[in-house]
Amino acid sequence: MNRNSTEMEKAALAVLRSTGTNVLEAALVAKSALEAGRGRMKRAMKCISAGAEALRQLERTVPFEKAVEAALDARKDRRMRTLYDFRYFTLRFMKRCPGLGKRRMRSITPQECAEYIETAFDTPRQRQKARLILSGVFGTAVKRGWCDANPVARVEAPRVVEQQVPILTPKEIEQITTTAETYQDGSCAAAVGMMLYAGIRPHEVARLTWAQVDLRERAIYILPRHSKTGGARRVTIHKPLLRILRAHKKKDEEKICPPNWLHHWRELRRAAGWDFTAHRWPQDALRHTFASYHLSYFRSFAELQLEIGHRDATLLRTRYVDQRAVMNAKAFWECRGQLAA
């Protein structure tokens with residue numbers, strides 16, 4: 001080895017020692033950089049620079065659980081039901097996907113997002129909503145600079161095949177309305193009447209006060225902040241509902257529903273004969289019954305769409321309306337005794 005090479009080697013050792021790390025380890029790092037640069041110094045330096053930037057980006061992020069908190073805070077002014085759903089879905093993600101809560105947002109891939117959705121939720125409809133909420137978490141993370149792109153955008157949305165929801169039979173309609181009049185001194189009767197004869201959702205009716213009920217104009221006014229879709233609508237009070245509301249009218253400032261409404265709604269259904277095993281309550285049964293009887297009697301998709309608060313009639317045609325099960329629609333709307341009469 002010539003003298004010049006020895007001097008260069010000494011200089012290299014001095015440089016490595018100046019880093020304050022083990023000389024052998026420093027040499028191995030330099031060797032790895034050169035190998036990544038295919039033996040070329042400029043390319044090796046670029047590899048080091050790119051790696052340093054990638055590391056900075058990785059460190060400038062937060063765990064998934066922290067991103068969920070930020071996303072919830074960004075939505076704190078949303079409706080209570082929206083916040084409830086957001087909490088429920090994100091907690092279920094973290095419960096069913098061990099380790100997700102601690103994963104760094106920038107490191108989560110689209111493939112992993114698809115796996116999380118598949119693992120945490122069972123039905124296409126649940127997975128469809130889960131995808132939207134997971135996308136919302138990443139959307140907040142992108143705005144905060146915790147990741148560069150939303151990986152959920154590259155996850156295909158689950159295909160949901162709409163199936164028609166069964167409506168209540170005449171006997172079941174009588175069971176639920178009769179029970180509503182006797183359960184807790186009729187405190188839930190007005191709410192049940194609104195769901196059955198006006199198609200108002202359970203969570204919407206829970207937000208209503210009597211000030212939004214105009215018996216003279218025969219109308220119920222759903223405010224934007226109270227509706228599921230965020231749009232206001234005017235719902236007609238027909239004869240059977242008018243009779244119920246007149247019988248249970250309270251002061252304007254009072255709520256339509258009693259305190260702890262969802263608990264009472266479950267117990268009322270149980271008292272009327274529905275349980276959680278053999279005789280299960282069909283989801284949104286009163287709203288679907290309303291839609292089917294409304295179309296059968298009034299014969300107008302456009303009018304029903306306005307009453308029920310849908311942006312178009314597609315869902316009404318595919319899932320909401322069951323004309324085969326309607327019996328004596330005239331009696332339903334004109335209070336003429338038993339529907340099957």
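The exercises below, each with a worked solution, concern a predicted model.

**Exercise 1. Helix 9**

Determine how many residues of helix 9 are buried, and state which residue follows the helix.

Solution.
Step 1. Helix 9 covers residues 189-198.
Step 2. A residue counts as buried when its relative accessible area is under 20%.
Step 3. The buried residues of helix 9 are Ala189, Ala190, Ala191, Val192, Gly193, Met194, Met195, Leu196, Tyr197 and Ala198.
Step 4. This gives 10 of the 10 residues, so helix 9 is largely enclosed by the rest of the structure.
Step 5. The residue after helix 9 is Gly199, with a positive phi near 70 degrees.

**Exercise 2. Two residues of helix 12**

Decide whether His264 is buried or exposed, do likewise for Trp265, and find a partner in space for each residue.

Solution.
Step 1. Helix 12 spans residues 261-271 and contains His264; Trp265 also has its place in helix 12.
Step 2. The relative accessibility of His264 is 14%, and the limit for a buried residue is under 20%; His264 therefore counts as buried.
Step 3. Trp265 has a relative accessible area of 5%, so Trp265 is buried.
Step 4. The side chains of His264 and Tyr183 form a polar contact at 2.9 Å.
Step 5. Trp265 is paired with Val192: 73 residues separate them in sequence, while their C-alpha atoms are 8.6 Å apart. Val192 is one of the buried residues of helix 9.

**Exercise 3. Positive phi outside glycine**

Locate Asp284 and Arg299, and classify the exposure of each residue.

Solution.
Step 1. Most residues other than glycine have a negative phi.
Step 2. Asp284 has a positive phi of about 60 degrees, although it is not a glycine. Arg299 likewise has a positive phi, near 60 degrees.
Step 3. Asp284 belongs to the loop between helix 12 and helix 13 (285-298), whereas Arg299 belongs to the loop between helix 13 and helix 14 (301-308).
Step 4. With a relative accessible area of 29%, Asp284 is partly exposed.
Step 5. Exposed means over 50%; Arg299, at 60%, is therefore exposed.

**Exercise 4. A charged patch**

Identify the residues that form a positive surface patch, and describe the setting of Lys42.

Solution.
Step 1. The patch consists of Arg38, Arg40, Lys42, Arg43 and Lys46.
Step 2. Lys42 is part of helix 3, which runs over residues 41-59.
Step 3. The relative accessible area of Lys42 is 71%, so this residue is exposed.

Definitions and conventions: Residues are numbered from 1 along each chain as its sequence is written. This is a predicted model: local features need pLDDT of at least 70, side-chain atom pairs count only at pLDDT 80 or more; totals for chains, interfaces and linings use all residues. Side-chain values use heavy atoms; hydrogens and water are left out. Patches are made of residues with over 30% relative accessible area and no salt bridge: like charges are joined within 9 Å, nonpolar side chains (Val, Leu, Ile, Met, Phe, Trp, Tyr) within 5 Å. Accessible areas come from the Shrake-Rupley method with a 1.4 Å probe; for residues, only the protein chains shown count as cover. A salt bridge is a side-chain nitrogen of Lys or Arg within 4 Å of a carboxyl oxygen of Asp or Glu. Lys and Arg count as positive and Asp and Glu as negative; His and the chain ends are not counted. The place of a charge is taken as NZ of Lys, CZ of Arg, CG of Asp or CD of Glu. Helices (H or I, at least four residues) and strands (E, at least two) are DSSP runs, numbered from the N terminus. Buried means under 20% relative accessible area, exposed over 50%, partly exposed in between (1.4 Å probe, protein chains only). A polar contact is a pair of N or O atoms within 3.5 Å; within protein, one must be able to donate a hydrogen and the other to accept it, and residues adjacent in sequence count only if both atoms are side-chain atoms.
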